[in-house]
Amino acid sequence: MRPEQDEISIAALVEGLDFDELLKALAAKRGYEPAFRDPPGRRDWSGVAPGAFGFAELDARVERLAGLLTLARPQPAARVAILAPLGPEALISILACLRAGLSPMPLPPHADEAELLGMIERSGAVMALGVGRIGTLRPLLLLRDVAARAFGMRFIGGFGTDVPDGVAALDQLLGHGAAQPAVAATARAAISVVDDGDFSGPFAVQEKDVLAKALEISRVLKPLASSRIITTLVGADLAALATGPGIALLTGVELLPLGLFMLEDLHACLEGGRMVHLVVPAAMEPALARSRLGGHKALSSLVFVRRGNEPPAALAIERPDIAIVDVIAQAPGTVRVLRRKTA
């Protein structure tokens, strides 16, 4: 089959699918099976105890946040800025926005106040969600200051314990009382992504594009339901969404994101007793090889993600026993997937 024919067949397979449909099916059939797990060292960099929950709990959290977002009566497809590494808060926020008919816009966690203000003003975002702490960074303090200067910002909510004054504490709002049902969305909004290098954008990415790339990668990885995806990517462009949440929802495997990379966490997660599909930036391949984690027996596959403006890293890992995939993000919304040939 020629590559263009393969792309057509993948597009046909995901036509009509969306994250909501996949999550609801997993919640109904495999509700108590693990959907998400935090790394053991999460408290050190976020102040939040590491947690884990199944597909049913993930669906419930998404529903509660979607209902809360619709209380503000935003216009359909209005953008919601999200300042959190690719972890539980970002995942729940993205899925809740889409369920509410809104467009989630994950922002680069390393952007400063002026850069955040520029991205939010260009996008016309009307709401913002974030976390209290990422290492030494205080995203919610930044969002609060930016929201005070951004025209049209109507609501800002924060996850975690470090929620400053003027920001709605989402864990309290979502954890008590009856859930406010989300208003049924008449149409699915696109995901809005920005370039984490020059902060250009936002660019629209459709759910079907994320799922198409996730399926293309899954065909190579062949993940089992008992396996786990560990991703060290913190951003949420097409490459990050497809290699992490996209594959997890498409195949029903457990997702374990390292919101702030620590080698000790990665080692502990590899020792967790599951076969692992590891997603890392391509620039980390030489270091991964030197650390010997690249030869770990728990690895079932490796996915190396390289941004289009980055020079190719030296190919340092040779594992003919596992699948190795190179994902090249030519732009925030454009991705090439290449299976690496092994001896």
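Where is Pro 202 found? In this predicted model, Pro 202 sits in the loop between strand S8 (191-193) and strand S9 (203-205). The peptide bond that leads into this proline, from Gly 201 to Pro 202, is cis, with omega near 15 degrees. That's worth a second look, as most peptide bonds are trans, and most residues other than glycine have a negative phi. The loop between S8 and S9 also holds Phe 199, and here phi is near 60 degrees, a positive value in a residue other than glycine. With a relative accessible area of 11%, Phe 199 is buried, because buried means under 20%.

Another positive phi turns up at Arg 292, this time near 70 degrees. Arg 292 belongs to the loop between helix H12 (285-291) and strand S13 (299-307). Is Arg 292 buried or exposed? Its relative accessibility is 72%, so Arg 292 counts as exposed, the cut-off being over 50%.

Now for the nonpolar residues. The largest nonpolar core has 73 residues, and within it Leu 58 and Leu 65 touch the most other members. Which residues does Leu 58 touch, leaving aside those up to four places away in sequence? The list is Leu 23, Ala 35, Phe 53, Leu 91, Ile 92 and Leu 95. Apart from this core lies another one, made of 21 residues, including Leu 117, Ala 150, Ile 156 and Phe 199.

Phe 53, one of the contacts of Leu 58, also takes part in an aromatic pair. A pair of aromatic rings is described by the distance of the centres and the angle of the planes. The count of such pairs comes to 1. In it, the ring centres of Phe 36 and Phe 53 are 5.4 Å apart and the planes meet at 10 degrees, so the pair is stacked; the cut-off for stacking is under 30 degrees. Phe 36 is in strand S1 (residues 34-37) and Phe 53 in strand S2 (residues 52-54), so this pair links distant parts of the chain, 17 residues apart. Both rings belong to buried residues: Phe 36 has a relative accessibility of 1%, and Phe 53 has a relative accessible area of 8%.

Charged side chains pair up too: the whole structure has 23 salt bridges. One of them joins Asp 59 and Lys 24, at 3.9 Å from N to O. Asp 59 is in helix H4 (residues 55-70) and Lys 24 in helix H2 (residues 19-30), so the bridge ties together parts that are 35 residues apart in sequence. Asp 59 is buried at 15% relative accessible area, whereas Lys 24 is partly exposed at 40%. Asp 59 and Lys 24 also belong to a network of salt bridges, along with Asp 18, Asp 20, Glu 63, Arg 99, Arg 188 and Glu 207.

Glu 254 gets two mentions here. With Arg 228 it forms a salt bridge whose closest N and O atoms are 2.6 Å apart. Glu 254 lies in strand S11 (residues 254-257) and Arg 228 in strand S10 (residues 228-231), so parts 26 residues apart in sequence are tied together. Both Glu 254 and Arg 228 are buried, with Glu 254 at a relative accessible area of 1%. Glu 254 also meets the side chain of Arg 274 in a salt bridge, at 3.8 Å from N to O. Arg 274 comes from the loop between helix H11 (263-270) and strand S12 (276-281), 20 residues apart from Glu 254. Arg 274 is partly exposed, with a relative accessible area of 22%.

Terms used:
Residues are numbered from 1 along each chain as its sequence is written. This is a predicted model: local features need pLDDT of at least 70, side-chain atom pairs count only at pLDDT 80 or more; totals for chains, interfaces and linings use all residues. Side-chain values use heavy atoms; hydrogens and water are left out. A nonpolar core is a set of buried Ala, Val, Leu, Ile, Met, Phe, Trp, Tyr and Cys residues joined through side-chain atoms within 4.5 Å. Buried means under 20% relative accessible area, exposed over 50%, partly exposed in between (1.4 Å probe, protein chains only). Contact means heavy atoms within 4.5 Å. Rings of Phe, Tyr and Trp (its six-membered ring) pair if their centres lie within 6.5 Å; planes under 30 degrees apart count as stacked, over 60 as edge-to-face and the rest as tilted. Helices (H or I, at least four residues) and strands (E, at least two) are DSSP runs, numbered from the N terminus. A salt bridge is a side-chain nitrogen of Lys or Arg within 4 Å of a carboxyl oxygen of Asp or Glu.
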